[in-house]
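This report goes through one protein model, beginning with a helix and its buried side and then moving to the rest of the chain. The sequence and the structure are shown here.

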Amino acid sequence: MQQELLVTFAIVWLGLSVGSYMLFQRGSDVERKRRLWPVYTIFSNVVIGAVIVYVQPPMPMMLGLLAFMVPLTWLTIRATKFCAACGRATRAPFFMKPAEKCSHCQKPLND
């Protein structure tokens with residue numbers, strides 16, 4: 001049972017990776033990317049959190065990791081913008097403030 005659950009986590013994670021590549025790297029629909037990015041980020045971090053709970057580290061470590069994931073998820077969603085001109089994702093370095101111009105085509109981002 002435990003090994004089957006770990007295989008299920010691996011399959012879900014592989015599916016998330018392939019889906020992310022197909023949607024966010026290759027896709028050209030910027031509005032869909034903007035709409036689905038928060039959902040994808042939250043769901044993938046829930047899967048990571050489930051794996052953390054599954055491996056059962058010591059309780060203080062588990063709670064610390066899970067608590068750390070909440071602001072990290074929010075910062076990842078906040079720092080990622082999609083360019084309306086080229087459709088690619090731009091992330092601000094170190095999550096400081098959202099990027100103001102596309103890192104690929106250098107056009108202004110207006111999300």
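In this predicted model, the buried residues of helix α1 are Phe9, Leu16, Ser20, Leu23 and Phe24. Among the elements that cover them are α2 (30-55) and β1. Helix α1 itself takes in residues 2-25, 24 residues in all, and its first and last C-alpha atoms are 34 Å apart, close to the 34 Å expected at 1.5 Å a residue. An α-helix has 3.6 residues a turn, so residues three or four places apart point the same way.

Which residues make up the largest nonpolar core? Ten residues do: Phe9, Leu16, Leu23, Phe24, Val30, Trp37, Tyr40, Val47, Phe82 and Ala89. Two elements, α1 and α2, each give two or more residues to this core. In soluble globular proteins, nonpolar side chains tend to be buried together. One member of the core, Val47, can be followed through its contacts: apart from neighbours within four places in sequence, Val47 touches Phe9, Val12, Trp13 and Leu16.

The chain as a whole has three helices and two strands, in the order α-α-α-β-β from the N terminus. Its C-alpha trace spans about 50 × 25 × 20 Å along the principal axes. Of its 111 residues, 29% count as buried. Among contacts with a separation of 6 or more, 42% are between residues 24 or more positions apart. The exposed area is about 7,700 Å², of which carbon and sulfur atoms supply 68%. There are 12 positive and 5 negative side chains, and the centres of the two sets lie 7 Å apart.

Helix α3 covers residues 59-79. Its 21 residues should span 30 Å at 1.5 Å a residue, and its end C-alpha atoms are 30 Å apart, so the two values agree. In α3 the buried residues are Met62, Met69, Thr73, Thr76 and Ala79, and they pack against α2, β1 and β2.

Outside the helices and strands, three loop or segment residues can be set side by side.

| Residue | Place | Relative accessible area |
|---|---|---|
| Gln56 | loop between α2 and α3 | 65%, exposed |
| Cys86 | loop between β1 (80-82) and β2 (89-91) | 35%, partly exposed |
| Gln106 | segment after β2 | 44%, partly exposed |

Two of these residues also have a backbone feature in the model. Gln56 has a positive phi of about 50° although it is not a glycine. Gln106, likewise a residue other than glycine, has a phi near 65°.

Why does Gln56 count as exposed? Its relative accessible area is 65%, and exposed means over 50%. Cys86, at 35%, counts as partly exposed because that value falls between the 20% and 50% limits.

What is Cys86 in contact with, leaving aside its neighbours within four places in sequence? The contacts are Cys102, His104 and Cys105. Trp74 is twelve residues from Cys86 along the chain, and the C-alpha atoms of the two are separated by 24 Å.

How values were computed: Residues numbered from 1 in each chain as written. Predicted model: local features only at pLDDT ≥ 70, side-chain atom pairs only at ≥ 80, totals over all residues. Heavy atoms only, no water. Helix = DSSP H or I, 4+ residues; strand = E, 2+ residues; numbered from the N terminus. Buried < 20%, exposed > 50% of the residue type's maximum accessible area, 1.4 Å probe, protein only. Contact = heavy atoms within 4.5 Å. Areas by Shrake-Rupley, 256 points an atom, 1.4 Å probe, with all protein chains shown as cover. Lys, Arg positive; Asp, Glu negative; His and termini not counted. Charge placed at Lys NZ, Arg CZ, Asp CG, Glu CD. Expected span 1.5 Å × (residues − 1). Core = buried A, V, L, I, M, F, W, Y, C linked by side-chain atoms within 4.5 Å.
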